Amino acid sequence: MAKTRLFSSNPGVISLDSNDFWRENGGGGWATAIVVLLLLSWRLLRAFSRRRAPLSGDPKSMPTPTTPSSTTNPSLGISNIISDADLRDLITSLEGKLKDKERWEDVIDKKNEHVSYNAKCCRPKDGPLKYLSVTIFERCSTELLRDFYMDNEYRKVWDKTLIKHDQLQVDETSGTEFGRMIKKFPLLTPREYLLAWRVWEGKVKAFYCYVRDYEHPSVPRQRKYVRVGFFRSGWRIRKIPGRDACEITMVHQEDAGLNVEMAKLAFAKGIWNYVCKMNNALREYTPRIRSRSISVATLLRLIQKVPPMLEADAEISQQGLSESAGSRTYGRQAVRNVSGKELSRSPSKKWMANGLLLLGGIVCLSRGRSGLGTQLAMACILKKLMKHGPASGQVETNRVAKG
């Protein structure tokens, strides 16, 4: 879930616990029930209209859906599903570089004495929302954090959204693993993830992982699950110079079939609770648990070195971390673009209309204790009524989330 997903990392899935996602107080039960009925009715109408649409056109003119497996050359085998070129692109993406006219929007920035978390997102032209997050764990080594993130057996103990995990295949040549995960979120059909992932180790104890969707022939689709068709995620774990701490930076994209505004608001509301729960699980990750993990044993056998031609890029990235160490600030910040300039917020007709809608929403919510369900509904209503562009939509949603 975008969690939604950016972010459980199993090995990179962003997820939220049901308690974090849906917390209703004493006065908002009826409002939540109405919201759920309206959302379900809207989704049923959309599904019905999509089913009827092909009947009115020529079947031959309809586009043929493609899957990752259909674009893979069978003669190359599975060793080329994830290549060193993917690692090169991941190193670039982790530095927050975007295409022209794309910009990052702040989502959340919080910390306590044990962990800090910062996340932002952007809306690419040719894909689902992209999240970039940085989590810093105090008093933690990079090796420990790497094993914790990749320990699928232990994740099922503390991450209650993960209800099933199976390893499907291992490619010893390339170091690529293939797995299947089932994740359950409140009020939603369980999501099924078929993923391939690969891990590299750099010279300075930095670790990289790249994850993508992959249609494995041994797992046919089932009606009881929603197959996540697009998934691109990756992370980097490295030590913070001069501190007993390490950070994990993650870039994440997935299309789980959710309403974009609802997913963004749920993420902003629930991700900090999830990060705190992750931190608690990390502190309880004992050497005994770590040594008994099949996932960690497989990881240690398959992990590969960062190719020499990419080490230069990785070292430049590490130098940038050294220069910025200790200069991070936390708390609410003005929404800024990549160049660091504050975005313009001049009055306009859309701004005034949004203000009126927000005022009406505040009046509505003030008539009882608002729950997350009501807040999600308000986000969806704003999106549908205003039909604003990506930038303004994200700014308004961030304002609601921070309120």
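1. Let me start with a small detail. The side chain of S218 reaches the side chain of H216 in a polar contact of 2.7 Å. S218 belongs to the loop that runs between strand 7 and strand 8, and at a relative accessible area of 48% it is partly exposed. Q169 is 49 residues away from S218 in sequence, yet the two C-alpha atoms are 9.9 Å apart in space. Please keep in mind while reading that this is a predicted model.

2. Now the overall picture. The protein has 12 helices and 11 strands. Of its 403 residues, 49% count as buried. The accessible surface comes to about 20,400 Å², and carbon and sulfur atoms account for 56% of that.

3. On to the interior. In soluble globular proteins, nonpolar side chains tend to be buried together. Here the largest nonpolar core takes in 52 residues, and Y117, F137, L145, F148, Y149 and W235 have the most contacts inside it. Which helix gives this core its largest share? That is helix 6 (residues 260-283), with 11 residues. Another core lies apart from the largest one and has 20 residues, I78, L87, I91 and V306 among them.

4. The aromatics deserve a look. There are 10 aromatic pairs in the structure. One of them joins F148 and Y149: the ring centres are 6.2 Å apart and the planes meet at 75 degrees, so this pair is edge-to-face. F148 is buried, at 0% relative accessibility, and Y149 is buried too, also at 0%. Both residues belong to an aromatic cluster that further includes Y154, W158, W235, Y274 and Y285.

5. A second pair to pull up on screen is F178 with Y214, which is tilted, at 5.1 Å centre to centre and 50 degrees between the planes. This pair links distant parts of the chain, 36 residues apart: F178 sits in strand 5 (residues 176-183), while Y214 is in the loop between strand 7 (207-213) and strand 8 (226-227). F178 has a relative accessible area of 1%, so it is buried. Y214 comes out at 11% relative accessibility, and because the cut-off for buried is under 20%, Y214 counts as buried as well. That loop is also home to S218 from my opening point.

6. Charges over rings turn up as well. The charged end of R155 sits over the ring of Y149, 6.0 Å from the ring centre. For R232, the ring underneath belongs to F230, and the distance from charged end to ring centre is 4.9 Å.

7. Two glutamates caught my eye. Is E254 buried or exposed? E254, in strand 10 (residues 245-255), is buried, with a relative accessible area of 7%. Its side chain makes polar contacts with the side chain of Y193, at 3.0 Å, and with the side chain of H252, at 2.9 Å. The other one, E261, is found in helix 6 and counts as buried at 1% relative accessibility. The side chain of E261 has a polar contact with the side chain of R123, at 3.2 Å. Helix 6, remember, is the element with the largest share of the 52-residue core.

8. Next, helix 3 (residues 84-94), where D86, L87, L90, I91 and L94 are buried. Looking down the axis of helix 3, you find its buried residues within an arc of 140 degrees, so they line one face of the helix. L87 and I91 also appear in the 20-residue core. Just after helix 3 comes G96, which takes a positive phi of about 80 degrees.

9. Helix 8 (residues 294-302) is worth viewing the same way. Which of its residues are buried? They are S295, V296, T298, L299 and L302. Around the axis these residues cover an arc of only 160 degrees, so they lie on the same side of helix 8. At the N-terminal end, S293 acts as a cap, with a side-chain oxygen 3.3 Å from the backbone nitrogen of S295.

Terms used: Residues numbered from 1 in each chain as written. Predicted model: local features only at pLDDT ≥ 70, side-chain atom pairs only at ≥ 80, totals over all residues. Heavy atoms only, no water. Phe/Tyr/Trp six-rings, centres within 6.5 Å; stacked < 30°, edge-to-face > 60°. Buried < 20%, exposed > 50% of the residue type's maximum accessible area, 1.4 Å probe, protein only. Helix = DSSP H or I, 4+ residues; strand = E, 2+ residues; numbered from the N terminus. Lys NZ or Arg CZ within 6 Å of the ring centre and 35° of its normal. Arc of directions from axis to C-beta. Core = buried A, V, L, I, M, F, W, Y, C linked by side-chain atoms within 4.5 Å. Areas by Shrake-Rupley, 256 points an atom, 1.4 Å probe, with all protein chains shown as cover. Polar contact = N/O pair within 3.5 Å; in protein donor to acceptor, adjacent residues only side chain to side chain.
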